[in-house]
Structure formats: structure tokens, C-alpha cells
Amino acid sequence: MQLPPDDRYAHREVPQFFVYVRIPVARHAADPLHLREERIDQALQAEGLGTVVGWGDSLGERHANGKRAATFMRVDISVSDLPRALALLHALLPALEAPPGTEIHYHADGHHLCDAIHDQGWLLAQAVPAVRSGSHPTI
């Protein structure tokens, strides 16, 4: 007699999507303790949508003296529900005083897309040129 499989120990893989947020450094100066990353992580976890997996500065163009200054603060995020996570970030980032020029990068339907804050609000699902592409749609 064969028993039915015990489903209590089955591994259910939930797709994980990689998202990153780029916040212009000019505004980053007002967040020396990196509280934005912590608030983003708390909000995502509270909704069961994901977590911040890392953060750091993105360097700009090289100056004549060879040095490169930070131009963006980058927050790397893993999410399980992309549409809900994007909606949360659209509401949360302005509340965290993320300035115009802040971008959310993600992949959808095989395309690298970007949502960006402008003076009039969010510009959604903009194609990112292949030169800037390079992150993976899932992790």
C-alpha cells in the first residue's frame, strides 16, 4: 500500500524578481544614516513582498583628474510580487523625499524597464537602452 505524498514538507518556489532603485546623490546627503534603505526594507517585509538585499553608491563619469564621484545611491531589492512591490515603491519613495530623477529599474516580459520620478509625478515602464541594461530579470 502506497501512502500519498506528505505535502507539508514540499518546497514551493516563489519567483523572485530583482529590482533596484537609483536615488540621485544630491538628495542622499540628507540621509547620512541610510534610513531610506531601512524604511524600504521594513515596508516590503511588512507587506510580505520582499527585502532589500544591498545598497551602495553608483559612480559617475571619470573627471580629468581620474576621480569618479558618486552620482546615485543604489538600493538592490528582491521581490516576490513585482506589480505590488512597484506600487508600494511608487507611494513610498516620494514619502521618503526621493527627488526627481529617482528611478526604479526592473524586468517585465523580457524587457529592462524603468519608472522615474519627474516634477509632474511618475513616468512608468520606460524602456532602458541596452547600454544601461545588464541586470537579470529574476534571481
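**Exercise 1.** Is Ala125 buried, partly exposed or exposed, given its relative accessible area?

*Solution.* Begin by recalling that the model is a predicted one, and then locate the residue, which lies in strand β6, made of residues 121-127. The relative accessible area of Ala125 is 43%. Since buried means under 20% and exposed means over 50%, with partly exposed in between, Ala125 is partly exposed because its value is 43%. As a last step, look at the backbone, where the phi of Ala125 is near 50 degrees, a positive value in a residue other than glycine.

**Exercise 2.** Find the class of Asp109 from its relative accessibility.

*Solution.* Asp109 sits in the loop between β4 and β5, and it has a positive phi of about 50 degrees although it is not a glycine. The relative accessibility of Asp109 is 76%, and therefore the residue counts as exposed.

**Exercise 3.** Describe the strands that pair with β1, and name a bridge partner in each of them.

*Solution.* Take β1 itself, residues 17-24, in which seven of the eight residues are buried. Next, follow its antiparallel pairing with β3, residues 68-79, through eight bridges, where Phe18 stands opposite Ser78. Then turn to β4, residues 103-108, which pairs with β1 in the antiparallel sense over three bridges, and in which His105 is the bridge partner of Tyr20.

**Exercise 4.** Which side chain does that of Gln16 join in a polar contact of 2.9 Å?

*Solution.* Gln16 is found in the segment before β1, and its side chain makes this contact with the side chain of Ser78. Finally, compare positions along the chain and in space: Gln16 and Ser80 are 64 residues apart along the chain, while their C-alpha atoms are separated by 4.7 Å.

Conventions: Residues are numbered from 1 along each chain as its sequence is written. This is a predicted model: local features need pLDDT of at least 70, side-chain atom pairs count only at pLDDT 80 or more; totals for chains, interfaces and linings use all residues. Side-chain values use heavy atoms; hydrogens and water are left out. Buried means under 20% relative accessible area, exposed over 50%, partly exposed in between (1.4 Å probe, protein chains only). Helices (H or I, at least four residues) and strands (E, at least two) are DSSP runs, numbered from the N terminus. Two strands pair if DSSP finds at least two bridges between them. A polar contact is a pair of N or O atoms within 3.5 Å; within protein, one must be able to donate a hydrogen and the other to accept it, and residues adjacent in sequence count only if both atoms are side-chain atoms.
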